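This report describes one protein chain for a reader who has not seen it before. The sequence and the structure come first, and the description follows.

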Amino acid sequence: MDIPLALDGYLATDPVPGDQAGTASWRLISSPGDHLVEEAIMPCTTHEPDVAHTLLTECHPGDRLRVTGRLTLPDTADGGLQLHADTLDVLWAAPVLDTPEEDAAGPADTDAERNSAIHALAEALTGLGFQRTPGPGAAIRIHISPTGALGTGLEHCHSIDVTPDRAHKLADAIDALNCYLDSEGPQPDAVLDPETIADLTELFDSIDLMDLTGAVLNATQPQYRPAVTRAIDDMLGDIGSPEDLDP
C-alpha cells in the first residue's frame, strides 16, 4: 500500500547512486509535523532522473529538503518504511566551509558547550510547545542547529512547533530579558525619553514573573532545575525553589 506524503527534513548523508541510471537513494532526518510526532530518519529513493541528478550533483549533507512522493508500507512486521520521491525542493542549502586546523582540546570544549546549550534551549522550547498540539496552518516552526556545515552533528538539529500565542509570550519574555541585559551597562550619557519609560513600565507590569518562572521550570528537566532557578534568581531576584512550583 502506498500513501501520498510530503516531508521536510535535513539530508543526513551523501546521496548514493542507484543500480539503474537516473536513480538515487538517501536518508532524510524528517522534522515533526502532521505525520510525525518526533524526528525520524526516513530512507528515501527516487526513479526520477531530474530528482536523482539534483541530489547527486547539487545537494550536500545538512541541506534542508522538501520531498513529496509515496510512502511504501512494509509487507512484514520487521520490514522498513521507504519514501519513493517524485519531486524534491531544496529549502535551504547548508554552507560548505573550509575550517582551519585547530588545537585538539579547544574545539572539543567549544563544541561540547555549544551542543549543551542547543540541547537545553531545544528542551525548553519543546516544553513550551508541548502543552497544546497546533492545528494545521496554526503553528510556528522554530529551527535550531549549529552554524556552519551540517555534514556532522545532525543530531543537534531540532524543529519545534509552537502556537502563535506561545510565540507572543516567548517574544515578550525575550524583550524583557533584553531590557534587563541592556540596563546592566548603560551609557553615561544615555537618557530615556518619557514615552520609552512608559512603554517599558507597561511591558514589565504585564509580565507575571511567577507564571514565567513556572513555565520555564516546567519545561526544564528536573536535574537542570536547580541551576535554572539560580540563574533566574540572579536575574530577577528570589522567586522560590523548584519544589514550590508545579512539576
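## Salt bridges and strands

K169 and D165 are four residues apart in helix α3 (residues 164-184), so about one helical turn separates them. Their side chains meet in a salt bridge, with 3.6 Å from N to O. K169 is partly exposed at 49% relative accessibility, and D165 is also classed as partly exposed, with a relative accessible area of 47%. The model that shows this pair is a predicted one.

### The chain as a whole

Six helices and eight strands make up the regular elements of the chain. Their order along the sequence is β-β-β-β-α-β-β-α-β-β-α-α-α-α. The chain has 247 residues, and 30% of them count as buried. About 15700 Å² of the chain is exposed, and 55% of that area comes from carbon and sulfur atoms. Among contacts between residues at least 6 apart in sequence, 58% join residues at least 24 apart.

### Salt bridges

How many salt bridges does a search of the whole structure find? The search finds three. The table lists the pairs with their N to O distances.

| Pair | Distance (N to O) |
|---|---|
| D8 and R66 | 2.8 Å |
| R70 and D86 | 3.7 Å |
| K169 and D165 | 3.6 Å |

The side chains of D8 and R66 form one of these bridges, at 2.8 Å. This pair links distant parts of the chain: D8 belongs to strand β1 (residues 2-11) and R66 to strand β5 (residues 64-72), 58 residues apart. Is D8 buried or exposed? D8 is buried, because its relative accessible area is 17% and the cut-off for buried is under 20%. R66 counts as partly exposed, at 35% relative accessibility.

R70 and D86 meet through their side chains at 3.7 Å. R70 lies in strand β5 and D86 in strand β6 (residues 82-92), so the bridge ties together parts that are 16 residues apart in sequence. R70 has 33% relative accessibility and counts as partly exposed. D86 is partly exposed as well, with a relative accessible area of 32%.

### Strand β3 and its partners

Strand β3 covers residues 24-30, and five of its seven residues are buried, so the rest of the structure largely encloses it. Which strands pair with β3? One is β1, which pairs with β3 in the antiparallel sense over three bridges. On that side, S30 in β3 stands opposite G9.

Strand β2 (residues 16-17) is also antiparallel to β3, and two bridges join them. V16 has S25 in β3 as its bridge partner. The hairpin of β2 and β3 has six residues between the strands, and G22 in this hairpin takes a positive phi near 80°.

Strand β4 is joined to β3 by seven bridges, and the two run antiparallel. Here I29 is matched with I41 in β4 as its bridge partner. As a general point, side chains in a regular strand alternate between the two faces of the sheet.

### T46 in strand β4

T46 lies in strand β4, which spans residues 40-46. Its relative accessibility is 1%, so T46 counts as buried. What does the side chain of T46 reach? One contact is with the backbone nitrogen of E48, at 3.1 Å. Another is with the backbone oxygen of A85, at 3.0 Å.

Leaving out residues up to four places away in sequence, T46 touches G22, T23, A24, W26, V51, A52, L55 and A85. Two of these names have appeared above: G22 belongs to the hairpin of β2 and β3, and A85 supplies the backbone oxygen that the side chain of T46 reaches.

### Cysteines

How many disulfides does the count give? The count comes to zero. In general, a disulfide is a covalent bond between the sulfur atoms of two cysteines. C44 counts as buried because its relative accessibility is 1%. C59 is likewise buried, at 5% relative accessibility.

Note on methods: Residues numbered from 1 in each chain as written. Predicted model: local features only at pLDDT ≥ 70, side-chain atom pairs only at ≥ 80, totals over all residues. Heavy atoms only, no water. Buried < 20%, exposed > 50% of the residue type's maximum accessible area, 1.4 Å probe, protein only. Contact = heavy atoms within 4.5 Å. Areas by Shrake-Rupley, 256 points an atom, 1.4 Å probe, with all protein chains shown as cover. Polar contact = N/O pair within 3.5 Å; in protein donor to acceptor, adjacent residues only side chain to side chain. Disulfide = S-S within 2.5 Å. Salt bridge = Lys/Arg side-chain N within 4 Å of Asp/Glu carboxyl O. Pairing = 2+ DSSP bridges.
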